[in-house]
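Q: Please take a close look at the interior of this one for me. Start from the overall surface, then zoom in on how the inside is packed, cut-offs included.

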Amino acid sequence: MGLVVQKYGGSSVADAEGIKRVAKRIVDAKRNGHQVVVVVSAMGDTTDELIDLAEQVSPIPAGREFDMLLTAGERISMALLAMAIKNLGHEAQSFTGSQAGVITDSVHNKARIIDVTPGRIRTALDEGNIAIVAGFQGVSQDTKDITTLGRGGSDTTAVALAAALNAEVCEIYTDVDGVFTADPRVVKKARKIEWISSEDMLELAASGSKVLLHRCVEYARRYNIPIHVRSSFSGLPGTWVSNEPREGQKVEHAIISGVAHDVSEAKITVVGVPDKPGEAAAIFRAIADAEINIDMVVQNVSAAATSLTDISFTLPKTDGRKAIEALEKHKDAIGFDSLRYDDQIGKISLVGAGMKTNPGVTASFFEALSDAGVNIELISTSEIRISVVTRQDDVNPAVQAVHTAFGLDSDSDEAVVYGGTGR
C-alpha cells in the first residue's frame, strides 16, 4: 500500500462529532496499510468569522497580520484532529504549513507555492505516525512571514504535498459525493461524474465550480497527481480527476462535462477610451501592477464620430475597490472619461471537450438562455468552454435551463449536499 494524502474541508470538521468521524476514516486508511498525510481546513465557517472580526476592527487589515489571524483556524482543526486520532490508539503529529515545508512567495492573502520541502513530514511517516498539516498556509521564502494561499487554498496544499511526497492519490473530502454536472445546491437533478479529465476539470474550476480550486487542479495536472473527490459523510466512491483514466475505469465520452456558475465576480467598464494603440495595454498594466487577476475582457467597436471606445472586464469582487483606485491614478495618462462598477453580475459556463467537434453546441446554449428569458452582457469562449455574464438574479434559472437543454439531468434527485453553508 502506498502513501495517501487526504484533505478534509471545513464542513467535514465543522464540530467535535465531525472531527471524530474524520479521525475514524483516517485511522481506517492507516489500518489498511497506507501511510497517511492529512490536510485540514478550518472548522465550518471559522475563516469567514475571522474575516468578519478583522473587518470590524480595521476596514483594511494589514496583509501580514491578516494572514497571522486567518491561519489560526487551521491550527485549531489540526490539533483537535490529532487528539481525536490518538484517542483511537494511533499516533498523530500536527504541523503548520511552515513546519510542513510549504514555501511560498511574499504576496499576503493569495500567495503561490514555490516549493515544498516535507522533511519533517517524511520523518513523522517513517516513525509510523499520521501527519496532519494545516492547509491554506505557508511561509514566505524571502521574508519568512506566514502567508495564506487564498480561499480554497487547502486543496492546493494537499496536491502540492502529494506531489512532493510521490503519493499514489490525493483524496479531497468534501460535503458532496464527487464532481457533478452542476452545483447540486442549484440543480437537484445534477449527475455525478465518475471520471473527468484534468483539462475539463480545470475549466470547470476556473469557471466557478466550487468542488476544487483551479490552482489545485493545475498543480495536479502538471505533476500528474490523480485526485479522488469524495464525501466524508458517506462511503460512496467519488469522482476521479486525472490526465488519463485509471485502468479498468469506465469513461463516458460526453460532449458536455458540466455547467458551472460564479457570482463572486464584478464588472468594470472603462468608458471613453481613445481608440489607438497602447490604451488597452496601459489599462491592464495598471491592473496587473495592483496584483489583480482579470477574467473576461470585451472591447466595444469604436464610435466613428468620437474615436472613443469602452472596455469592460470582470474580476473578483474582493479586488474591485483596489482596481478602481489603480485605474483612477492613471486616468490622465490613459485619457478615459469615467469608470462604471457593477457587482450584481453572474457568470454561467458550459464546459466540455466534445464541443470542439460537435456543431450546434453554441446555438443550443444561447437558445436555452433565450428560452429562460436571460439577457447576456458579455461572452467569452475557448475550445472547450463558453462563458456568458448575466444579471446575478438570472444565474440559477440560467444554469437549470442549460443543464436540462443538454440532457445532463439525472433520472432521480441524485445529488446530495451533506453539510456546509455555502459561505
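A: The chain's accessible surface comes to about 18900 Å², and 49% of that belongs to carbon and sulfur atoms (Shrake-Rupley areas with a 1.4 Å probe; for residues, only the protein chains shown count as cover). Keep in mind that this is a predicted model, where local features need pLDDT of at least 70 and side-chain atom pairs count only at pLDDT 80 or more, while totals for chains, interfaces and linings use all residues. Numbering runs from 1 along each chain as its sequence is written, and side-chain values use heavy atoms, with hydrogens and water left out.

Of the 423 residues, 53% count as buried, meaning under 20% relative accessible area (over 50% is exposed, in between is partly exposed; 1.4 Å probe, protein chains only). Contacts, which are heavy atoms within 4.5 Å, reach across the sequence: among those between residues at least 6 apart, 76% join residues at least 24 apart.

Now for the inside. The largest nonpolar core has 46 residues, and those with the most contacts inside it include Val5, Ile121, Cys170 and Ile227. Such a core is a set of buried Ala, Val, Leu, Ile, Met, Phe, Trp, Tyr and Cys residues joined through side-chain atoms within 4.5 Å. Helix H6 (residues 153-164) supplies the largest share, six residues; helices here are DSSP runs of H or I with at least four residues, strands are E runs of at least two, and both are numbered from the N terminus. There's also a second, separate core of 24 residues, with Ile256, Ile348, Ala398 and Val399 among them. As a rule, nonpolar side chains in soluble globular proteins tend to be buried together.

Cys170 is a good spot to zoom in on. At 0% relative accessibility, Cys170 counts as buried. Leaving aside neighbours within four places in sequence, Cys170 touches Val5, Ala158, Val159, Ala162, Ile225, Pro226, Ile227 and His228.

So what about a cysteine partner for Cys170? The closest cysteine sulfur, in Cys216, is 6.4 Å from the sulfur of Cys170, so that pair is too far for a bond. Cys216 is buried as well, with a relative accessible area of 0%. In fact, the structure holds zero disulfides, counting a disulfide as a pair of cysteine sulfur atoms within 2.5 Å.
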